[in-house]
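User: I'm at the bench and would like a close look at the cysteines in this one. Please walk me through them, then show how their surroundings fit into the whole chain.

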Amino acid sequence: MPSHTSVWRLSASTSFAAVALVIAGPAFAQTVTDPGATQAEPVAETPAETTDIIVTGSRIRRPDFDSPSPIVSVTAAQIQQAGTTNLTDFLTGYPALIGSSTSHQNSGDLAGIGATGLNLLNLRNLGTERTLVLINGKRQVASVPGEQSIDINTIPSDLIESIDVLTGGASAIYGADGVTGVVNFKLKQNFEGVSARGQAGISEKGDSGQRLLSLTIGKNFADGRGNIALSYEYGAEDRLTQHDRKRLSGLSRQVFVPNPDDLPDADGHDNPNLPDRIPLRNVRYGTSAPGGAIDINGDYFPEFTSSGGIFDNGLDLTQGFVQGGDSTLVSDYGNDLLPQVRRNIFNGIAHFDISDKITLYAEGKYANVRSFSLGQPTFDYGIFVEADNPYVPANIRAAIDPSIGGVLVNRDNFDLGQRGEDIRRQTYSGVIGAKGDISDSFHYDVSFTYGETKVRSQYVNDIYNDRFFAAIDAVRDPVTGTITCRANLDPNWVPNQPYESGRNVQPRMTFQPGQCTPINLFGVGNSNPTGVDFIHATTTDYSTIKQQVLSGSISGDFRQFFSLPGGPIGFAFGAEYRKEDSSFNPDPIEQQGLTFTNVLSPTKGTFHVTEFFGELNAPLIKDRPFFHDLELGAAIRVSDYSTIGRTTTWKVDGMYSPIRDITFRGTYSVAIRAPNIGELFSGNSQTFEFFNDPCRASNLDQGTSYRATNCQTLLTGLGADPAHYDDNRSTNISGVQGGNPSLTEEKAKTWTAGIVLAPRFIPGLTLSADWYDIRLENAINTVKPQQLAELCVDQPSLQNIFCSSITRQQGAAGNAAAGNILGFTVMPQNVASFQTAGLDLNINYLVRTAHLGTFNIRAVGGYLNKLNFVGTPGADPTDERGTSDAFAPKYQANLDVTWNSGPVTLNYGLSWFDKTLRYSKLIMAGDPDYVAPEYVYYKARWQHDIYAAFDVDKRFQFFMGVNNVFNQEPDVGANTYPVSSVGRYIYAGAKVKLPKF
């Protein structure tokens with residue numbers, strides 16, 4: 001199951017298609033402001049009319065919605081029609097944001113440490129760190145320590161007026177982190193009156209509930225010269241576990257495993273006429289059990305169950321899997337598919353016109369987001385229990401080899417509690433500023449922004465290593481005859497454990513003699529609760545992120561001096577100073593490696609940047625034959641970073657309309673991204689990986705053409721026999737990950753080219769098609785440990801940065817351990833490059849009838865032409881187009897049909913993308929029979945949604961809807977792909993708007 005598939009919570013995104021239109025001229029402006037197109041939200045306030053507007057992606061005021069860059073804009077009405085209260089679920093319906101990280105991905109064991117509940121946007125599948133999120137055109141303090149990413153949970157959904165998505169490099173306008181584009185959330189301004197909204201939804205199975213309650217109060221004062229608005233929003237999303245879905249639980253769960261009829265021989269060969277992998281039920285992790293699998297002779301293969309019965313090892317499927325028997329079911333490890341999330345957000349917006357020339361404004365926000373999720377329990381392999389332990393069943397004790405003196409226990413500790421995260425993220429932010437008109441054509445804006453995020457991450461059901469080893473080393477007190485810990489009787493006690501136990505084997509460090517309470521590893525739930533409490537460790541990490549931005553700009557045009565045939569030249573220029581601070585302070589016992597959780601190190605870093613920017617827009621010709629409109633534009637930004645020095649970004653753009661019905665447009669930009677604090681300054685922390693060694697004979701044909709030769713050279717040099725090398729350990733290998741202070745900036749070259757059609761002979765129709773191309777060089781990339789091992793041997797030569805970061809066992813010829821992976825180091829490096837290209841298609845057709853109401857047919861589609869990743873200069877590219885791993889379908893489309901007549905609005909949405917490869921193209925190219933033909937692809941996504949709203953009057957509206965009407969389920973072997981496991985989802989709500997307060 002691909003980990004990223006958790007993004008598909010609901011088809012909230014389908015109604016996004018309804019307005020996912022490139023803003024491209026007066027025809028489209030008329031469409032989006034037409035009452036017939038917005039009657040689904042009759043109580044929404046109308047923004048004040050202005051002569052000029054500022055379009056996302058520019059600081060220049062413009063007289064219309066024209067933009068040379070493709071901008072997708074969605075409104076509050078479409079968010080409501082989506083049904084979900086999770087904004088990221090909604091935005092993933094747009095092809096550019098399909099790979100965003102939602103609550104599904106950041107839940108249970110899929111979530112990285114401290115990431116539970118996060119919702120992060122990812123433009124073009126090039127990384128959340130390359131997507132710049134703005135609110136009202138201004139930067140916000142980050143939500144993730146060491147990064148610039150914004151948790152979308154902190155944005156109040158009901159206060160949003162619109163969301164603009166701009167694809168392509170925007171660094172010249174907004175600075176670093178926007179190499180793939182910008183998502184700008186515009187909040188409602190000049191609000192007067194009282195507005196409230198309540199909404200609740202639940203799956204047809206009675207779980208996965210969502211609730212939203214919002215209240216906004218606003219009032220004008222001083223004869224309309226001032227306005228103040230306050231809002232509060234509460235949002236709630238309930239946990240969903242794999243055990244809540246029958247198809248993912250118990251013996252029903254299907255897992256893709258090696259085909260027992262096609263297991264490779266000693267030379268790695270199999271039958272090419274049989275698939276290598278097939279889906280099976282009753283699949284288990286071999287040689288381990290919830291109550292303990294007992295090995296009495298030290299070969300790490302169990303002979304007994306924890307109750308003393310003969311252990312059934314099942315049918316060996318290799319690679320650590322078995323079918324049947326007494327081992328732990330894979331489905332038992334199923335944990336949360338969705339976290340519990342609670343949001344409380346307070347916002348305040350105010351402005352006051354001191355004079356015609358000066359307006360003071362202020363914005364403030366406090367967001368408290370609480371997320372909770374449970375993942376996997378702890379697990380132990382080869383834990384040594386001595387023969388005198390009174391919990392050892394008598395028949396097992398009688399069978400113990402005296403030379404060993406005890407038994408080895410493999411155990412999945414479900415009865416000791418699932419580990420989980422309880423995370424509170426508090427965001428404080430404020431903006432104060434002044435803006436105004438120096439003249440009719442000169443405007444200024446000066447502001448100071450301060451933001452701070454405090455994160456408290458509490459980890460539950462972790463275990464102290466020294467207490468665990470003491471508690472399992474139980475004996476009878478020779479005086480009282482009661483069962484106690486050996487550590488209580490022996491002041492010099494140290495754990496008697498083999499290295500392979502999987503934990504950091506430590507002496508007594510967190511308790512004193514007499515404090516230990518024993519636990520019983522033999523059987524499920526047989527331990528004294530006091531003993532379980534004794535070994536439990538609740539640890540807490542704290543992080544603080546701060547941001548300060550001082551910005552000033554002047555914009556306008558040169559109409560007072562001269563004008564071109566198309567009008568005056570527009571301009572904007574200014575300067576900005578920004579300082580970012582981030583610190584991460586793990587719990588002291590985590591820093592010492594005293595628990596089952598990885599050893600974590602503190603991180604503290606800061607940088608500041610001073611920037612100067614400028615932008616021009618030249619309307620060359622307007623309203624002439626064959627030149628209805630011709631404009632050129634350019635922007636430049638010079639930045640001086642305290643970490644990487646001086647950088648320059650720039651862009652040029654243009655629009656040409658031979659007639660008003662057709663507009664051609666394009667942009668070219670060179671954008672940069674500076675490394676963030678985490679990439680530069682993260683302390684070295686412990687991490688673990690279960691490796692499937694690419695040099696195993698059965699894996700040699702699943703990489704590049706270089707793999708077999710490189711593995712032979714590598715293994716021979718280490719004293720291993722390449723022909724028979726087969727590291728089949730199921731050992732969790734320890735490694736190190738940290739930052740890299742030597743990083744430099746990334747550079748992206750991006751261009752877009754498109755056409756917008758608004759034919760006068762088909763009133764109400766707007767169609768746009770834009771091609772995009774993004775090439776990212778010198779990219780900062782941190783490979784996963786498994787990828788590290790693969791990239792080492794998949795390059796043209798072993799002389800690469802990946803091989804130098806992995807350690808293998810050196811041994812004499814014939815040494816069975818020679819060649820085995822012993823450790824690794826992962827860190828961000830400027831070694832990668834990315835390239836993506838494709839087509840965005842947007843269609844909107846508004847039809848009014850005299851008696852049948854108004855119809856609006858909208859569609860947004862995407863064609864992915866390429867998505868390539870190159871791990872190191874000179875290496876072969878990895879093609880990720882059409883793969884599920886990258887969440888990159890080749891084709892994607894959303895259809896949205898809305899009908900409105902009087903007080904009634906109905907909406908139908910279809911969310912679709914085509915089939916995607918279940919396994920990577922490298923694997924399938926090297927091993928065409930890797931999986932049966934019917935399972936090569938995950939099935940296409942077909943999700944249908946319906947929505948209905950009824951306006952009682954101008955003050956009250958009721959609405960309801962059903963998402964995933966036909967209850968499409970995830971594909972075989974997947975939890976949340978191509979749709980989530982939530983299933984059919986039903987919601988209802990109401991809105992009220994009172995015009996005066």
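Analyst: Let's start with Cys516: its relative accessibility is 6%, so this residue counts as buried (buried is under 20% relative accessible area, exposed is over 50%, and partly exposed is in between, with a 1.4 Å probe and protein chains only). Keep in mind that this is a predicted model, where local features need pLDDT of at least 70 and side-chain atom pairs count only at pLDDT 80 or more, while totals for chains, interfaces and linings use all residues. Residues are numbered from 1 along each chain as its sequence is written, and side-chain values use heavy atoms, with hydrogens and water left out.

The partner of Cys516 is Cys485, and the two sulfur atoms sit 2.1 Å apart in a disulfide (the cut-off for such a sulfur pair is within 2.5 Å). About the S-S bond the torsion of Cys485 and Cys516 is about -70°, so this disulfide is left-handed. Cys485 belongs to strand β29 (483–485), whereas Cys516 is in the loop between α8 (486–489) and α9 (529–535), so the bond ties together parts 31 residues apart in sequence. For the element names, helices (H or I, at least four residues) and strands (E, at least two) are DSSP runs, numbered from the N terminus. Cys485 has 0% relative accessibility, so it is buried too.

There are three disulfides in the structure. Counting bonded cysteines along the chain, the pattern goes 1-2, 3-4, 5-6.

Next along is the bond of Cys695 and Cys711, again with sulfur atoms 2.1 Å apart. The value about its S-S bond is -80°, which makes the link of Cys695 and Cys711 left-handed. Cys695 is found in the loop between β36 (685–690) and α12 (707–717), and Cys711 in helix α12 itself, with the two positions 16 residues apart. Cys695 comes out buried because its relative accessibility is 1%, and Cys711 is buried for the matching reason, with 1% as well.

Since Cys711 sits in α12, that helix deserves a look. Its buried residues are Arg707, Asn710, Cys711, Leu714 and Leu715. Viewed down the helix axis, they fall within an arc of 120°, so they line one face of α12 (the arc is that of the directions from the helix axis to the C-beta atoms). There's a general reason for this sort of spacing: an α-helix has 3.6 residues a turn, so residues three or four places apart point the same way. On the face of α12 turned away from the buried side you'll find the exposed residues Thr709 and Gly717. Among what covers the buried residues of α12 are α13 and β40 (contact means heavy atoms within 4.5 Å). After α12 comes Gly719, which has a positive phi, near 90°.

α13 brings us to the remaining bond. Cys792 and Cys803 have their sulfur atoms 1.9 Å apart. This one is right-handed, with 95° about the S-S bond. Cys792 lies in helix α13 (785–793) and Cys803 in the loop between α13 and β40 (806–808), so to speak a link over 11 residues. Both Cys792 and Cys803 are buried.

Now for the setting. The protein chain has 14 helices and 51 strands. Its radius of gyration is 30 Å, close to the 30 Å that the globule rule gives for 997 residues, so the chain is as compact as a globular protein of that length (the radius is taken over C-alpha atoms, and the rule is 2.2 Å times the number of residues to the power 0.38). Along the principal axes, the C-alpha trace spans about 100 × 60 × 60 Å.

The buried cysteines have company: 59% of the 997 residues in the chain are buried. Of the contacts between residues at least 6 apart in sequence, 73% join residues at least 24 apart. The accessible surface of the chain is about 37700 Å², with 57% of that belonging to carbon and sulfur atoms (Shrake-Rupley method, 1.4 Å probe; for residues, only the protein chains shown count as cover).
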